Structure formats: C-alpha cells, structure tokens
Amino acid sequence: MTEITASTHFHVETDSDNIAWLHFNKADSSTNVLNAEVFDQLDQHLAEIARLNPRGLVILSDKRNGFIAGADISAFTRINHTDQALAFLRRGQDVFNRLEALPFPTVALIHGFCLGGGTELSLACRYRVTRDDPGTRMGLPEVKLGIHPGWGGSARLVPLLGGLKAMDLILSGRSIDGRSGKRLGLVDLVVPERHLRAAARKLVLESPAPHQAGWLDRLSNHALVRPLLARVFRQQVGKRANKKHYPSPYAMIDIWRRHATDKPRMLEAEAQSLAQLVNGATARNLVRVFFLQEQLKSLGKDKSYTPQYVHVIGAGTMGGDIAAWCAFRGFRVSLQDQSPERIAPAIKRAHTLFTRKLKTPAKITAAMDRLLPDHKGAGVERADIVIEAIFEDADVKRSLYRDIEPRMKADALLATNTSSIPLEELCGALLRPDRLVGLHFFNPVAMMQLVEVVVGHATSPVVTARAMAFTRQIDRLPLPVTSTPGFLVNRILMPYLMEAVQLEAEGVPPAVIDKAATDFGMPMGPVLLADTVGLDICLHVAEILASHFHAEVPESLKKQVADGHLGRKSGHGFYQYKKGKVVKSTARTGNWNLEDISNRLIDRLLNEAVSCLREHVVENKDLLDAGMIFGTGFAPFRGGPMQYIDAVGAETVYRQLQGLQTLRGERFAPDPGWNTLIHS
Ligand code: NAI
C-alpha cells in the first residue's frame, strides 16, 4: 500500500492493483459522523481520486465501532433557517453525486453501524460489502428523528430495491444486518471480517453488473401503482404516527408518489422537504429527546464497576422479570422467593423472553443456565448486587434486610424496587445504610427503558454511581431521583390518571378520555393505562401520594377495587376485557370537547412536574423531561412536559390552571413553582 494523500478525517492509499482505498477516521471522535467539514474533505479526496483514475475505489472506516453512524446530529441544532438547511443538504448531495459519477467501480466496505448518512453514502457507491455479524447494521432511521433522508437516500434506494421494499425500510426506520440487506438487494456481498478486503477487491477487479430490482419490485414504482401503494403506506403509518404530530413519513410518501422514477426531481424534493422539517418543532424536539437519552446514558458511564452476580429477592411480577432481564443481559442471577412454587412461573416467563429475544437454542439454553432458582437464598452471599422486590410493606422489607445484611459481601449493593417507600424508612434496619439505593424499574421490565435510581439521605455517592453504571450494563437508562413519595414518574403521572378517573365519574366515556390524551400525543390513554397497570396498584400508589400531598382519591377508583374490578388482569376495570383485549363499547360517545378534556388531564400533570422541579426531585428540567419520556412515553414530539410548558408559555398554562381551579376545585391550584418559571 502506498499512501498518496491525507486530511484531518481521511487518508487515501493505493495498492498493487491500483485500487484506491479511502479511509474515513473522523478526528476527535470515537464514531464517524458527517458534517460540513467532512463533506469538504471528502469532496477534495474524490476530486483527486478522479484525477488519478485508479482501477477502482473502496471506502472504508478505521473506527472499530462501525462505518458511519450518520449525520452529526449536533449540526442540526445549529441550523436555524430553511436556506441554511438547504445549503447543507445540497452540499452533501453534490458530494455523493460526484461519488456516484466516478467512472470506475466503487465499493463501500461496511462493518458495524452504517446508518442514515452512512447508508446514503454507501448507496452512492456501485457496490456494498458488509461484515457478516448481527452487529453490522444498515438503515435509514431518519423518521425516528422527525426527518427523512436528504442526501439521496430515498432517491437511490427506491430504484435499487423497488418502491415497496425501499419505502418499508425508510418508513419503519428499522436497521438490518448484512444478510437481510443481501436478501433485499441492498448489499452485494456478506463475508466474515477476515475476507472483507478481499471481497471488496474482487468486486473492483471483476466489476459485475450491479444489483437491479426484479420486475415485480420495479412494478411497485410504476406511475399507475404508486397512488394505490401510497394510500396503503399512509394507512400503515397512520396506525403508529399522527400526521399532525409526525409529518416526516407522510412527506416521504408524497415525494415517492410524485417522483419515484425521476431521480433529479426526487433529490431536489428530498432536500426541499427535509429543509422544512429540520426547522419544525417535531424534529427539534425529537433531536432533543435523542440528546436526553445520551445524557441519561452518560450518567451510567463508570466502566470501573464490573459486577458479575445479581441476587433478586421476590419472584413476583417485578422481581421475576428483573431477574430474567439481568440474565438476558449476561449476568449470573439467582432468584429467591418463599417457595420453589412461587419461583416457577417467573422461570417460565424468563424462558418465553429468552425465546423471543435470543432465537437460537444454544443462546436460550445459555441464558436459562445463568438464571438460578434459589428459594433458600444462597445467592445472597455471592452477589455483587442484591435486588429486593418483595411485597410493598416496610416492616416485611426491614425484617428481610436484617436477615440478609450479615450475609452480604462487604461491597455488595442492596437495591430496593420499592415504588413508594422512602429509603429513610427502610435503611434503619441496616448496619450500613449507605449501601441501600432504590432501583425503581417500570412494568413491563423488558419494555420500559427507564430505571429511577433512588438516592436516599444515607446512600453513598459511590453506591449511587455504581447503581447507575449497573443500570447501563443491563441496557436501561438511569435517572437519579430523591427519595420522596412517588419519586418522579409516578408522582407526576398520578394526578393525570386521577383526573381521568374523575372525568369518567362525571360521565365522560373512557374511550373519549383516552382519545383526548392520544390526540395530545400520549402513547396510550390514561384510562387504559390505569386498567393495564392494575387499578389496585393505582389505588395503592394514589393513596400513598394523597396522604403526603393532601390530595383526594376519587371514590369511583376505590369502588372499582372494592368490587374486584382490577383492570385488564381481572377482565374488568373501566373497560371490559376478553382474553386480555379491550371490548370496544358500541355506545355513542356524544359530542365532547376533547381539548377541554386534554387540558384538564395534561395541566394536572404539568402542575405536578413544576412541583417536582421546585422540590428538586430531579436536578433539572432536562432530566425531568427525560424521565417522563422514557418512563411513560410522554409525547416525544413535544420534547417532554417542561419543553411543552416552554413552547406554550408558562404564563398561559398558569392562567389555565387558575381558571380550572375556580371552575373545578383546589386540585388545580397552581404550584408555587410557576412563579419562578414565569419570571425566569
Ligand atoms: P408481587 O406481589 O407480584 O411479588 C412479590 C413477591 O415477593 C411474591 O412472590 C412474594 O412471595 C415474595 N416475597 C414476599 N416476601 C418475601 C420474603 N420475605 N422473601 C422472599 N420473597 C418474598 O409484587 P410486585 O408487583 O412484583 O412488587 C414487588 C415490589 O416492586 C414492590 O415493592 C412494588 O412496590 C414494586 N414495584 C411494583 C411495580 C408493579 O407494577 N407491580 C412497579 C414498580 C415497582
């Protein structure tokens, strides 16, 4: 190899076959991402390579973690005008057009992440070779950030795969490994790591005809078929994303319907549409959510903590699933309960989880081997972390702690999954209260990303940092919260759920209440959520919070629970259920003002959020928003409750609350924290 040229982010070599190898290794970054400077340097290298006229060009990454992760997302946050966005997009398109126009074979040699702009760059090459492993992922995930491809991703993918397959990939935003890419026609060769370079060289030297979509795939781009398919796409997207809240997939469908077979027009339409979207509220908020997620991840970055063994006590709904999740993530886990019979159902559920997630028998068996039923609790002595998830009863928990503490390793953490008991009430039973921390998981454990890391007065900073690092190691997002009633998420959610119960008691049908909330952008309406969580659990948490915050629990909730109507699990709650599915009511729902309903629901939630912020339950607004988005699914396109207050104006919400207080009572009384917000 002979190095012929280099810049900050790239260097180019040629080999004895006169093939140019363009290495991308973004300076000062662990990951390759695309920004204006990278495009400038890439452009210069491509111009020079074109002058050299080699036998072919291979583009590869020198980063261990992958090829190119996409655009530098922080660059988006610096774009303030449509013209600015358009210039940035056209610049990228010009560079990729130059790459595509090179007269010799070009190959993208892909390992690890190849997402967004990375996939778009690879599509401008004649061939794509990927490493054969599940960690190599290609895809166009832009819709997840409220945008769509803008550097020719759709204009090139649509002819390559046909409209149906290409649009499925773009609209779902999912990523695929090399083998799936090969089956689709996106990837030409999938080979083990050691053959990657040889495979790229072979493609250059043999220069086979590039992949072409089959006739059936091409048919889906036909002008007569497109309007029909566009309708199907819109319907499919409509099931998961409201056009008003998430415009980007709909814009993409329109661009495809109009220009699928006219590449220059499609390129222009991609850029024009994306330049608008980038400056819209949805994209800005979703980019914000992306950074909030990064922020939570960084809280658990302490790599020096390497626990191996987890002991979980309580094999019920939560403990059983926490144990299964930890075993799935590679930990050795023992699971304790009062008898083997109580542990058995949890082991069965774990098997179902492993089968769904791991697929191959060898991996499923290995995960089962990591999960040990242990009704005598022998694992306490070996564990680096003991997670307690027994009944929500302070006396029972304290007596358990007295029993296990003398047997625990000196540096082991004791984590409780309590959803409501302050750590101060529990740690009195311990000789070393500094080792007690809350790890408050949400139900269902395998789906909910957030874990509240509850920090008591006595919890040591080292224990807190370790609890957060462990949370990351099991691929969950840690949120530090104070040990106050309801912590953050349940405390903010509860007034919203109670207002839904109140509305129902006033005669508003559950389906109408839920529609008001989902129209606002919640993933599930509050009535269905309460039924799903279990009305007994809701009542329990509501009563605890009510006793601390002098609030009232609606009588209708107490009555439902007294009547044994516990929600989905009992087949009867505010809705009726058959085989776990809601039976839709056929009764007429009448003319309800959905906006009034959603204001009542959301304003109570916002009021409690402001109260939590005033009391420093979390450190700042960003963490509060992150908690509500990752703990409850709070409308991500709105960026979280505090971001929503900023967008609407604190004073506006404050006045709305005052109005509701006059009309509906003291539960709407604005929290004193609004004053600070309004005057900040
Ligand atoms: P559960 O009632 O389903 O399970 C509790 C298990 O603990 C039972 O299997 C019981 O036999 C066992 N247990 C009780 N005392 C024990 C002891 N001394 N030694 C060993 N095992 C013992 O309860 P669930 O719902 O799993 O809740 C457990 C904890 O998690 C509670 O603190 C609860 O507040 C909290 N939590 C519950 C959530 C939920 O949605 N269910 C969500 C988040 C936290």
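Here is a short walk through a predicted model, starting at the ligand, moving along a run of paired strands, and ending at a loop aspartate.

**Stop 1: the ligand and its shell**

Select the ligand and show the residues around it. You should get 20 of them, and the ones that come nearest are Met 318, Asp 337, Glu 392, Lys 397 and Ser 419. Colour that shell by residue class and you'll see seven nonpolar, nine polar and four charged residues.

Now switch on distances and go for the ligand's oxygen atoms. Which side chains put a polar atom beside a ligand oxygen? Start with Lys 397, where an N or O atom of the side chain is 2.8 Å from an oxygen atom of the ligand. Next pick Asn 417: a polar atom in its side chain sits 2.9 Å from a ligand oxygen. Then click Ser 419, which has a polar side-chain atom 2.7 Å from an oxygen of the ligand.

Turn on surfaces next. On its own, the ligand would expose 830 Å², and the protein buries 84% of that area. Back in cartoon view, look for the elements that give two or more residues to the shell: they are helix H14, residues 317-328, and strand E19, residues 436-441. Met 318, one of the residues that come nearest to the ligand, falls in the range of H14.

**Stop 2: from E19 into the neighbouring strands**

Keep E19 selected and add strand E20, residues 450-455. The two strands pair in the antiparallel sense, over four bridges. To get your bearings, label Leu 439 and find its bridge partner in E20, Val 453.

Is E20 mostly covered or mostly open? Mostly covered: of its six residues, five are buried.

Now add strand E21, residues 477-482. E20 pairs with E21 too, this time in the parallel sense and over six bridges. For a marker here, label Val 454 and look opposite, where you'll find Val 481 of E21.

**Stop 3: Asp 671**

Leave the strands and jump to Asp 671, in the loop between helix H28 (650-664) and helix H29 (673-679). Is this loop residue buried or exposed? Its relative accessible area is 10%, under the 20% cut-off, so Asp 671 counts as buried.

Show what surrounds Asp 671. Setting aside neighbours within four places in sequence, its contacts are Asn 607, Val 610, Ser 611 and Arg 614. Finish by zooming in on Arg 614: its side chain and that of Asp 671 are joined by a polar contact of 2.7 Å.

Note on methods. Residues numbered from 1 in each chain as written. Predicted model: local features only at pLDDT ≥ 70, side-chain atom pairs only at ≥ 80, totals over all residues. Heavy atoms only, no water. Near = heavy atom within 4 Å. Polar contact = N/O pair within 3.5 Å; in protein donor to acceptor, adjacent residues only side chain to side chain. Areas by Shrake-Rupley, 256 points an atom, 1.4 Å probe, with all protein chains shown as cover. Nonpolar A, V, L, I, M, F, W, Y, C, P; charged D, E, K, R; others polar. Buried < 20%, exposed > 50% of the residue type's maximum accessible area, 1.4 Å probe, protein only. Contact = heavy atoms within 4.5 Å. Pairing = 2+ DSSP bridges.
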